[in-house]
Amino acid sequence: MKFLSTILCLFLLLSCSKDPELNYRFKSLSSEQSGITFKNMLTNKPEWNALNYLYFYTGSGVAAGDFNNDGLEDLYFVSNQEEDHLYINKGNLQFENTAAVSGIEASQGWSTGVTTVDINADGLLDIYVSRLGKHMSMRGTNLLYVNQGANDSGIPIFKEQAAAFGLDLIGFNHQAAFFDYDLDGDLDAYILQYSVDPSSIYVDSKKRLERDSLAGGRLYRNDEMQFVDVSESAGIYSSAIGFGLGVAVSDVNDDGWPDLYVSNDFFENDYFYINQQDGTFKDYFQTHPEAFPHTSNFSMGNDIADLNNDLHLDILTLDMLPDDLETRITSESDIGYRQYKSFLDMNYHPQFIRNGLHYNDGTMHFKDLSFMAGVAATDWSWAGLIADLDNDGLKDIFITSGIYGATNDKDFVNFLNTDISPGIISENMKPEDLRFVDRLPQKKTPDYIYKNQSGIGFEEMSGDWYEKTNSFSSGAVYSDLDNDGDLDLVINKVNESAEILINTASADGTHYLKLQFKGKDKNTLGIGAKVFAYAQDLKLRQEHFLSRGYISGIAPGLHLGLGSQSKLDSLVVVYPDKTYQTLTDVAANQTLTLDQREASGDFYTRKVRKNPGLLVNGKSPVDFKHQENWFNAFDFEPLIPFMLTNQGPKMSSADINGDGLKDLVIAGGKGQSTKVYLQQEDGSFTQDAQPGLERFSSIEGIVPVLTDTDADGDADLIVGYGGNEADAYNISRPLLYFRNTKGKFTRDTLNFKGISLNASAIAAADYDGDGDTDLFVAAAAVPGKFGFTPKHYLFKNDGTGNFQEAERTEFLQQAGQLMDAKWTDVDGDNRPDLITAGYWTGIQIYRNKPEGFQLLKDEELTGSTGFWNCLEIADLNNDGRPDIIAGNWGLNSLWQADAEQPIRLYLQDFSGNGATLPVVTYFHNDTETPFNSKNELVKQIPQINKKYLSFQDFAKASVTDIFGAEKLNSALKLEVNTLASCYFINTEKGFVKYQLPAEAQASSIHAILADDVNNDGYTDLITGGNFYQLNLRLGRLDASTGNLLLNTGKGRFQDSPVPAKVYGEVRDLLKIKERLGTERFLFSVNNDSIALWQKPKR
C-alpha cells in the first residue's frame, strides 16, 4: 500500500506542477500540498538586531528523523526567535505540525542548531536544540527533548530534560554532534560554539590557548548519562577567537576512532581534531600543517564524505566567494599581502575566500580542488551536503546560499564608517536607529546543486534539476520522505517559507540500498558505523554520523546510490567497537537493518597487503636548506597579480672532481651563496667549501649550470642571478667560475661585462658546431616593470671560455618573459634548436639554420600562450623525434582561460602621470572584468574614484567604461589562453598538443623530469610545482605534492599515485645515480630543504 500511495502522490505532484517544471528532477512541494507552513521570521529590535548581534541573519537548522517509529521520516524546524515546528510525516508527503501537542516549547531566547540522538538508549529518537546562552539581554540554555513515546494518535510526546543529563549548557552554542569518541559504548557530545566579539578576530593566535567560559567549542564525555566537560584535558580549544560555524565527525584517518573537523569564521584556523585513542585530540593543523596547504577563510558549513570513490574521506568547507560578478566586486576583501604575511607570522594557517573541496590522497594529505571541480564560488554559503542525489554511484553536492543582510558589502561598510556616529551600534540602540539596519543590502541567491561527473569534475545542475530561484537559505538536510529510494531535500530559510524538494531520481532506473543500524550497549543507533560496498567496478564508502551540513541533522541510516548495479558483490559493515561483518550478493532497492551483535573480530587488525608504490620518500642525502628573503613586490607594484621573486633554487649535476660520481650544485638565496656538494661512495653528499662562491652571497642565485666552457676536461660553473626585486643591487650579470687545479671555483672577471638581467634559465650547447659550448641566458622579467619584455642573451664561445654576444639575435627581441630554455635538435638536421617558454607567451622553437635562427610557425606551440614555467624534452612515443613537455599554471585557480576568453594584460599610462601601469583582466561568467579591486585600482588611477563613487556603480561598469576605449586600444596587450600543463608530440605534420592528466593540473608545475620509472620501455614523467606569492584573490597554487605520470605506451599518460611526496614550492628536479646504480630523484624547494624520491627496496 505504501508503494501505491507513493506513486499516487507523485502523480498528483506532477499533475499540479507548472509545465516548465515537468522535466525537473526535484519538484518543490508547496505548503498547501505538504502542510508545512514553517517560516523562520526575524524581527530587528533596538536591543537585538542585525547590527549589534554579529550572527543575526545566519539562519537556523532542520532535523529529520522517525520520531514515532512508523517508518516515515519526520521533520523538526528551528526558529531563531519564534516557536520551533515539529512535523509528523503522515504519508503521501503530508505533514502535521504537532509541536504544541508533542511538548515542544522554545518561544523565548535565540535558537540555532538541531540534531537528533537516542540519549537514553530506549530506542526512541530524541531532539537536541542549541541556543545562545548569554549575550547582551539574551539568556537561554540548550534544550534536550527526550522522547516519551507516541500517544494513541501516533504523535510523539517529548519532555525537556537537558538539566537531567548535564546538557542545559550556557554559551554561544550553535550545534551539537553526538559520537562515541572514547569507544566506551555510549555517545559523547561536541558542542560547536562561536564568538561574538569582532575585536578578537585578528589577534595573536596564541589566544586560542586561553579558555573562555562561553565561546570556542566544548567536548562533553558521557559518564553514565551525565555529560562532563573534558575539553581542556582532551585538547579541545575553547577560546574567544573560536568562531565555530560548522562541525563534522568522521574517522578520517581510518584508525577506528572518530575525529572532528570544526569550521571557524574569520581568520581563526579551522580545527581538525585527530583522535589520539587515549581520550585526547591533537589539532592536525598544528601537528601537520604541510598536509593541509590552505583552508577557507570565512568557514561556515562543512561535510565529510568520499567524493571520488577511492575509499578515502574528503572534506568540504564553505565560504562566501560570490559567483555573481557584481556581488564579487562589491564585497571583495581589502586585506593586503603584508597583512596576510603578518597573520602567517602569528601562526595562522593560510586561508583564502573560497569553498574548499579538500581531497584526501589516502595519506592524510589534502588538496583543495574546488576551482578545478567548479564548486569554489557559491556566495554566502551555509549547508554543504554530500550525497548521491541521482543514485548513479557518485556523491553530489548541495549548497544553501544567501544572506538577508550582507555586512561585507563595501558600500554599506563605507556608510557605517562615515554616516553612523560611534557608539550608536550597541545593545542600547533606539527605535529610530533601526533605520540603519534597513540599509543592509540583501543578497538573495540561488541554492547550488552539483552533479558529480567524475569524482573530481562537477557540473552545476541548479537550473536543470530544479527551478532556480533566489532565496535566503540556511540549514538543510537530505531525507527520503516518501520512501521511494532517492533523497529529497529539506531547506530552512530566513524570512521565507521552508522548502521541500521531492526527488524523482527513482524514475531513472538507477538502484539504491538503504541501511539501518541496530547498535548495542547505549549506542542503539550504531552511530559511528561505516560501510564499504563493492560491485564490479563500483566502490563506495559511507559513515553513520547525523550532524551534517550546517547546524542540522539527517535521519539515522545510510543511503547508497548504486547506479546500474542491481546488487552488491559484498558489503562490509564496521561498527564503532571495531567489530565487522561481511554480506555478499546483497540485492539493491531494499532497506537492510544491520545488527551489531552479528559482527565479530577487529576490522583494524586484519592483514591487508599494501602496494608500496613505484616511488617512496627517502632521507635527503644533501644537507641544504634554501633561504628565501622576504620581499613584498606588491609594495612596489600594487596591481600585479603575482610576484616573481621566488624562482630559485635550481640545480645542476656533473662529475666535478673526476671520481666517476655525479656531484651537485645548488643556487643559494639572497644572503646564501651557491653551494657545491660532492657525492661520496655511500651515496651521501658532502659540502665542498668554495670561497669564490661565498663572496657573492649578497645577490640571489637562481640557476647554476655545470659545463666545460674552456675545453680543459673539467666542469666549469655558470650562475645566473636574479630575484626580481625592484632595485638594481639585486640584478647581476651571469658569473662564470673556472675550476682551478686545487678543485676550487674561481670567478672569471672578463666575461659578461656590462650585462645585467634577472636570470631565469641558462642553456648550454654548441649551437654553431665549432666544438665548444655556447650559452643562452634567459631573463624572467624586468624588475619593477611587470609585463615588460626583458633582454635575453646568446653568447658564442671562442673555445677557451671567452664569450661574446652573438650577432643576429633579433629573433630574441619579442621572445617575452622567459622562464625556461632548452636546446635540442627538433628537425633532425644535427643542429641544436632553441626552445623557450615563459609568461604571456607560447612555446617557441627557434630553428638553427645556417642563415640564422628562425621561429617555427606552429600554432599549436606559439598560439598556446600561457604562464609556462618549465620545459622538458624527451621522446615520449619512441618514434625518434624529441617531444616537448611544458609546465604551466594549472587548472585549479580563480582564473580560467581559452582563446575566446583569455587573461589579458594591458600596459598603459592609465593615470596620465607618465607611468606605465599593468592592468590585468579575466573573464567570469562570460564578462571581462578587472582582476584588481576598486580600492587597489583607485590608488593608482584616482580618476576611477571620481567616475564611480560607489562600488555598485563600479561593479556595473565594463572594462571599457572603466579604463576608456582609447587607452585600452592603444595599450600594449598580452594574453594568456592556455593554463593547462601540456605535452606536444612531434609529428611529421607538426606538433600536436595534449593536456597532462587532471591530477597534474591541480597546481602549477615548475619542474619536470623524463625517465622510464617502471622500466617498460616508455618514458614517464615526474613533476613538481606550486606557487605561493600571489595576490590574495588568487590565493596560492599549492595542491601539488609531486606527480608520477606513467606513459601508457600510446602517447598518453595516467597519474600513478605514490606514497612519495614533496611539500612546498618545487623549483627543480634532477636524477642522481649512486655508484651501485641506485637511482634517486632530488627536488629543490624554495625556502626549504632538498627532498628525495626513490624506488622502494623490494
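Helices (H or I, at least four residues) and strands (E, at least two) are DSSP runs, numbered from the N terminus. The model is predicted: local features need pLDDT of at least 70, side-chain atom pairs count only at pLDDT 80 or more, and totals for chains, interfaces and linings use all residues. Residues are numbered from 1 along each chain as its sequence is written, and side-chain values use heavy atoms, with hydrogens and water left out.

**Exercise 1. Overall form**

Task: Compare the radius of gyration of the protein chain with that of a compact globule.

Solution.
- Step 1. Take the rule: 2.2 Å times the number of residues to the power 0.38, with the radius computed over C-alpha atoms.
- Step 2. For 1098 residues the rule gives a radius near 31 Å; the protein chain has 32 Å, so the two agree.
- Step 3. Add the extents. The C-alpha trace spans about 105 × 70 × 60 Å along its principal axes.
- Step 4. Count the elements: the protein chain has 17 helices and 76 strands.

**Exercise 2. Cover and contacts**

Task: Find what share of the protein chain is buried, and what share of its contacts joins residues 24 or more positions apart.

Solution.
- Step 1. Set the classes: buried is under 20% relative accessible area, exposed is over 50%, and partly exposed lies in between (1.4 Å probe, protein chains only).
- Step 2. Of the 1098 residues, 64% are buried.
- Step 3. Define a contact as heavy atoms within 4.5 Å. Among contacts with a separation of 6 or more, 61% join residues 24 or more positions apart.
- Step 4. Turn to the surface, with areas from the Shrake-Rupley method and a 1.4 Å probe. The protein chain exposes about 39,300 Å², and carbon and sulfur atoms supply 47% of that area.

**Exercise 3. A sheet of 4 strands**

Task: Give the strand order of the open sheet and name its edge strands.

Solution.
- Step 1. Two strands pair if DSSP finds at least two bridges between them.
- Step 2. The order is 49-50-51-52, with antiparallel pairing. The edges are strand 49 (700-707) and strand 52 (745-747), each paired on one side only.
- Step 3. From one strand to the next, the twist averages 30 degrees. Axes are lines fitted to C-alpha atoms, and angles run from 0 to 180 degrees between N-to-C directions.
- Step 4. Look at strand 51 (residues 735-739): 3 bridges join it to strand 52. Arg-739 has Phe-745 of strand 52 as its bridge partner.
- Step 5. Inspect the loop between strand 50 (716-722) and strand 51, where Asn-724 sits. Phi of Asn-724 is near 60 degrees, a positive value outside glycine. Asn-724 is buried, at 9% relative accessible area.

**Exercise 4. From strand 32 to a salt bridge**

Task: Locate the partners Lys-514 and Asp-480, and say which parts they tie together.

Solution.
- Step 1. A salt bridge puts a side-chain nitrogen of Lys or Arg within 4 Å of a carboxyl oxygen of Asp or Glu. The whole structure holds 47 of them.
- Step 2. In strand 32, 7 of its 7 residues are buried. Strand 32 runs antiparallel to strand 33, joined by 5 bridges. Ser-473 stands opposite Lys-493 in strand 33.
- Step 3. The closest N and O atoms of Lys-514 and Asp-480 are 2.9 Å apart.
- Step 4. Lys-514 lies in strand 35 (residues 511-518) and Asp-480 in the loop between strand 32 (473-479) and strand 33 (488-493), so the pair ties together parts 34 residues apart in sequence.
- Step 5. Both ends are buried: Lys-514 at 12% and Asp-480 at 3%.

**Exercise 5. Two further pairs**

Task: Classify the cover of Lys-468, Glu-460, Glu-1079 and Lys-1071.

Solution.
- Step 1. Lys-468 and Glu-460 meet at 3.2 Å, N to O. Lys-468 is partly exposed at 43%, and Glu-460 is partly exposed at 30%.
- Step 2. Glu-1079 and Lys-1071 meet at 3.0 Å. Glu-1079 is buried at 19%; Lys-1071 is partly exposed at 28%.
- Step 3. Shared partners join Asp-1011, Lys-1071, Glu-1079 and Lys-1095 into one network of salt bridges.

**Exercise 6. Backbone checks**

Task: Find the peptide bond joining Gly-648 and Pro-649 and state whether it is cis or trans; then place Asn-347.

Solution.
- Step 1. The bond is cis, with omega about 5 degrees. Pro-649 belongs to the loop between strand 44 (616-618) and strand 45 (651-654).
- Step 2. Asn-347 occupies the loop between helix 7 (337-345) and strand 23 (351-352). Its phi is positive, about 70 degrees, although Asn-347 is not a glycine.
- Step 3. Asn-347 is partly exposed at 42% relative accessibility.
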